[in-house]
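Biologist: Could you walk me through this one? I'd like to start with the contacts between its parts.

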Amino acid sequence: MGRPRILILGGSREARLLAEALAARDDCDVLLSLAGRTEKPAVQPVPVRIGGFGGAAALADFLKAGGYDLLIDVTHPFAERISANAAFAAETTGIAAIALRRPEWQRRPGDRWQEVRSIPAAIEALGPLPRHVFLATGRQGAHHAEAAPQHHYLVRSVDSVEPPLALDNVDYVLDRGPFTLDGECALLRQHDIDVIVAKNSGGAATYAKIEAARLLGIEVMMVTRAPASIVKAVDTVEAALTAIDHLFPPAMKRGV
């Protein structure tokens, strides 16, 4: 066989690191697919395709038409629909698939977490009395706050929330991680935050808000992940590279 063709479903920091590592090895052809959710995505080390596929069957067709040998799902831990589509497409085409998911954050002494299944469940769990809420779930889920207009919200996202939320008491912060512990503590104090709504994304880039909450004794409504898909899962870039070498031993890749 020739050089393996690999499709990476990206959008996370790990996707960029994996693409960088594969580009440096130069023994496979890689295409990185981004959903196009952020307006100005970071520069990537391999060819990039922007936009969705139009569902699981369309993704399967794309894999077959492009002659791909491996699908790697390195989307955000909460991109559940694309992950389900990836698992289905791999199964129907018989193409090998790997999911790279960074480990979840673990509860530490001093954490005041209430675990919930979704952003709407988190908003409901805030209760009837007005609270100062840091909504740290990005713009995709921010509109769920409209169900509980009694609270004061601070919404942080990479791109602005369009249309703005139909709420009387809402402030917006446009910012991209990684965030620092000092910066997060200052933000929480400045806005008098008493509860944070966050997704259990794992990783270091956005963990500072969880640390800051622990230090300041602030409650966190922690949205848990959906159960993992059936695809073989690894939790580091190194483990993904090892899995790729198992599938395509280096001698095969050189055409020996």
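Modeller: Between domain 1 and domain 2 the count is three residue pairs in polar contact, both residues of each pair being at pLDDT 80 or more, and please keep in mind that this is a predicted model.

Biologist: Which classes of residue does domain 1 put on the side that touches domain 2?

Modeller: On that side, domain 1 has four nonpolar, two polar and four charged residues.

Biologist: And how many salt bridges does the rule find across the interface of domain 1 and domain 2?

Modeller: The rule finds zero salt bridges across the interface of domain 1 and domain 2, while the area buried between the two domains is about 880 Å², with carbon and sulfur atoms giving 47% of that area.

Biologist: Where do the domains run along the chain?

Modeller: The domain assignment gives domain 1 as 5-103 + 227-247 and domain 2 as 113-223, and the contact takes 10 residues from domain 1 and 12 residues from domain 2. Taken over C-alpha atoms, the centres of domain 1 and domain 2 are separated by 29 Å.

Biologist: Switching topic, how many aromatic pairs does the structure hold?

Modeller: The structure holds three aromatic pairs, including an edge-to-face pair of phenylalanine 53 and phenylalanine 62, with 5.0 Å centre to centre and 65° between the planes.

Biologist: Is phenylalanine 53 buried or exposed?

Modeller: Phenylalanine 53 counts as buried because its relative accessible area is 15%, under the 20% cut-off, whereas phenylalanine 62, at 25% relative accessibility, is partly exposed.

Biologist: What about tryptophan 105 and tyrosine 207?

Modeller: Tryptophan 105 and tyrosine 207 form a tilted aromatic pair, at 5.5 Å centre to centre and with 50° between the planes.

How values were computed: Residues are numbered from 1 along each chain as its sequence is written. This is a predicted model: local features need pLDDT of at least 70, side-chain atom pairs count only at pLDDT 80 or more; totals for chains, interfaces and linings use all residues. Side-chain values use heavy atoms; hydrogens and water are left out. Domain bounds come from an automatic or database domain assignment. Contact means heavy atoms within 4.5 Å. Buried area is the accessible area (1.4 Å probe) that two parts lose on being put together, summed over both. A salt bridge is a side-chain nitrogen of Lys or Arg within 4 Å of a carboxyl oxygen of Asp or Glu. A polar contact is a pair of N or O atoms within 3.5 Å; within protein, one must be able to donate a hydrogen and the other to accept it, and residues adjacent in sequence count only if both atoms are side-chain atoms. Ala, Val, Leu, Ile, Met, Phe, Trp, Tyr, Cys and Pro count as nonpolar, Asp, Glu, Lys and Arg as charged, and the others, Gly among them, as polar. Rings of Phe, Tyr and Trp (its six-membered ring) pair if their centres lie within 6.5 Å; planes under 30 degrees apart count as stacked, over 60 as edge-to-face and the rest as tilted. Buried means under 20% relative accessible area, exposed over 50%, partly exposed in between (1.4 Å probe, protein chains only).
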